[in-house]
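Q: Hi! I have a new structure open and would love some help finding my way around. Can we go through it together?
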Amino acid sequence: MITVENLTKRYGKKTATEQLSFTVPSGQVTGFLGPNGSGKSTTMRCMVGLDSPTQGRALIKGVHYSQLDSPLTTVGALLDAKAFHPARTAKQHLTVVAETHGFPRSRVSEILDMTGLSGVADKKVKGFSLGMGQRLGIATAMMGNPEYLLLDEPVNGLDPDGVRWVRDLVKNHARIGGTVLISSHLMSEMAMTATNLVVIGNGRLIASGPIKQFTESAGHTTVRVSGPDLGAMGEALNQLQPRLERSENGDVLLIQGRTSAEVGHALHVAGLEIHELTTLHSSLEDVFMELTGQAVEFRAGGNR
Ligand SMILES: Nc1ncnc2c1ncn2[C@@H]1O[C@H](COP(=O)(O)OP(=O)(O)OP(=O)(O)O)[C@@H](O)[C@H]1O
Ligand SMILES: [Mg+2]
């Protein structure tokens with residue numbers, strides 16, 4: 001588990017994170033979400049000791065990163081996908097990592113193969129595309145077969161095959177008990193990858209918990225009902241005090257803020273015939289926009 005406790009980080013007058021507290025559970029993929037400049041990368045850097053908090057702390061397995069017995073086999077991080085020597089080849093870069101950390105040489109070809117880089121192993125990194133650089137960053141993070149993976153926007157620049165590969169990789173890592181914290185701005189991808197979420201805005205915690213709690217809570221679902229007597233249905237549902245609308249062509253009622261069980265029960269008690277009763281969940285993107293609406297630092301058009 002990763003524990004972030006009252007983490008405050010200031011760069012001069014700029015506050016990047018403020019009293020931020022959350023946990024990242026083991027055996028799950030946790031999506032780390034927040035608008036541009038909300039403090040995600042800062043928080044991740046503090047987790048691995050690349051930045052020191054102004055106040056508070058970030059602990060991995062209950063200790064500071066620097067106190068881990070074997071940091072590189074415990075935590076693999078992709079924090080800056082361009083952090084390579086440009087004149088080295090991918091193979092040379094990974095060999096340096098292996099040699100300096102006591103990993104066997106065989107791990108280099110294994111990882112090159114696993115990350116789809118075997119074909120460009122002898123190409124200089126300065127000639128790499130964005131996606132190839134991302135793959136090499138992920139390869140570096142995976143070298144020590146770590147229990148914890150911290151990936152800051154790993155799918156940025158990856159092709160669909162690469163995106164799917166990262167998704168499978170992190171899900172599999174969590175399935176075997178690993179801990180994954182992954183940031184991304186691709187909400188649909190996050191919805192498919194993460195089971196847990198931490199959402200921040202302006203350096204502060206907005207919400208955290210299981211992803212289902214975000215998209216499937218009554219506040220984020222719409223129940224659709226139809227039947228031969230919509231007027232009577234509307235009256236029967238009024239006692240639930242829902243937000244109630246008729247669909248555009250008037251043949252369906254849309255109810256927000258109530259579960260399908262509550263709606264179905266109220267209609268059953270009123271003895272009404274039901275032709276349709278379905279639940280529509282909000283997309284993660286809708287939920288994210290709603291949660292972070294007030295916390296967006298940079299907005300096109302300057303409306304703040
Ligand atoms: N080294 C630094 N010096 C000064 N300010 C910094 C530094 N690093 C980050 N900041 C500021 O701290 C805030 C948080 O930045 P951070 O990079 O952590 O955000 P982020 O959530 O990762 O954003 P993005 O989604 O754009 O990657 C921003 O306002 C940023 O300008
Ligand atoms: Mg960032």
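Q: How many bridges join strand E1 to E2, and are the two parallel or antiparallel?
A: This is a predicted model, so keep that in mind as we go. Strand E1, residues 2–11, is joined to E2 by 7 bridges, and the two run antiparallel. To see the pairing on screen, look for Val 4, which stands opposite Phe 22 in E2.

Q: How many residues sit between E1 and E2 in the hairpin?
A: There are 2 residues between them. In that turn, Gly 12 has a positive phi of about 60°.

Q: OK, let's switch to the ligand. Which residues come nearest to ligand 1?
A: Gly 37, Lys 40, Ser 41, Thr 42 and His 185 come nearest, out of 15 residues around ligand 1.

Q: What are the distances from oxygen atoms of ligand 1 to Gly 37, Ser 41 and Thr 42?
A: For Gly 37, a polar backbone atom is 2.7 Å from an oxygen atom of ligand 1. In Ser 41 the partner is an N or O atom of the side chain, 2.8 Å from a ligand oxygen. The side chain of Thr 42 likewise has an N or O atom, 2.5 Å from an oxygen atom of ligand 1.

Q: How much of ligand 1 does the protein bury?
A: The protein buries 65% of the 640 Å² that ligand 1 exposes when taken alone.

Q: And which elements give two or more residues to the shell around ligand 1?
A: Those are strand E2 (14–24) and helix H1 (40–47). H1 gives the most, with 4 residues.

Q: How do the shell residues divide into nonpolar, polar and charged?
A: The shell around ligand 1 has 3 nonpolar, 7 polar and 5 charged residues.

Q: Back to H1. Why is it largely enclosed by the rest of the structure?
A: It's because 6 of the 8 residues of H1 are buried. The buried ones are Lys 40, Thr 42, Thr 43, Met 44, Cys 46 and Met 47.

Q: Which residue with a positive phi follows H1?
A: That's Gly 49, with a phi near 70°.

Q: Now E8. How many residues of that strand are buried?
A: In strand E8, residues 196–201, 6 of the 6 are buried, so the strand is largely enclosed by the rest of the structure.

Q: Which residues lie on each side of E8?
A: On one side you'll find Asn 196, Val 198 and Ile 200, and on the other Leu 197, Val 199 and Gly 201. Both faces are covered. It helps to know that side chains in a regular strand alternate between the two faces of the sheet.

Q: What strands does E8 pair with, and in which sense?
A: Strand E3, residues 28–33, runs parallel to E8, with 4 bridges joining them. Strand E9, residues 204–210, pairs with E8 in the antiparallel sense over 6 bridges. A handy landmark is Asn 196 in E8: Thr 30 stands opposite it, and in E9 its bridge partner is Pro 210.

Q: What joins up E8 and E9?
A: They form a hairpin with 2 residues between them, and Asn 202 in the turn has a positive phi of about 50°.

Q: Last one, zooming out: how many helices and strands are in the protein, and what share of residues is buried?
A: The protein has 11 helices and 13 strands. Of its 304 residues, 46% count as buried. The C-alpha trace spans about 75 × 45 × 40 Å along its principal axes.

Note on methods
Residues numbered from 1 in each chain as written. Chains lettered and ligands numbered in written order. Predicted model: local features only at pLDDT ≥ 70, side-chain atom pairs only at ≥ 80, totals over all residues. Heavy atoms only, no water. Near = heavy atom within 4 Å. Polar contact = N/O pair within 3.5 Å; in protein donor to acceptor, adjacent residues only side chain to side chain. Areas by Shrake-Rupley, 256 points an atom, 1.4 Å probe, with all protein chains shown as cover. Nonpolar A, V, L, I, M, F, W, Y, C, P; charged D, E, K, R; others polar. Buried < 20%, exposed > 50% of the residue type's maximum accessible area, 1.4 Å probe, protein only. Pairing = 2+ DSSP bridges.
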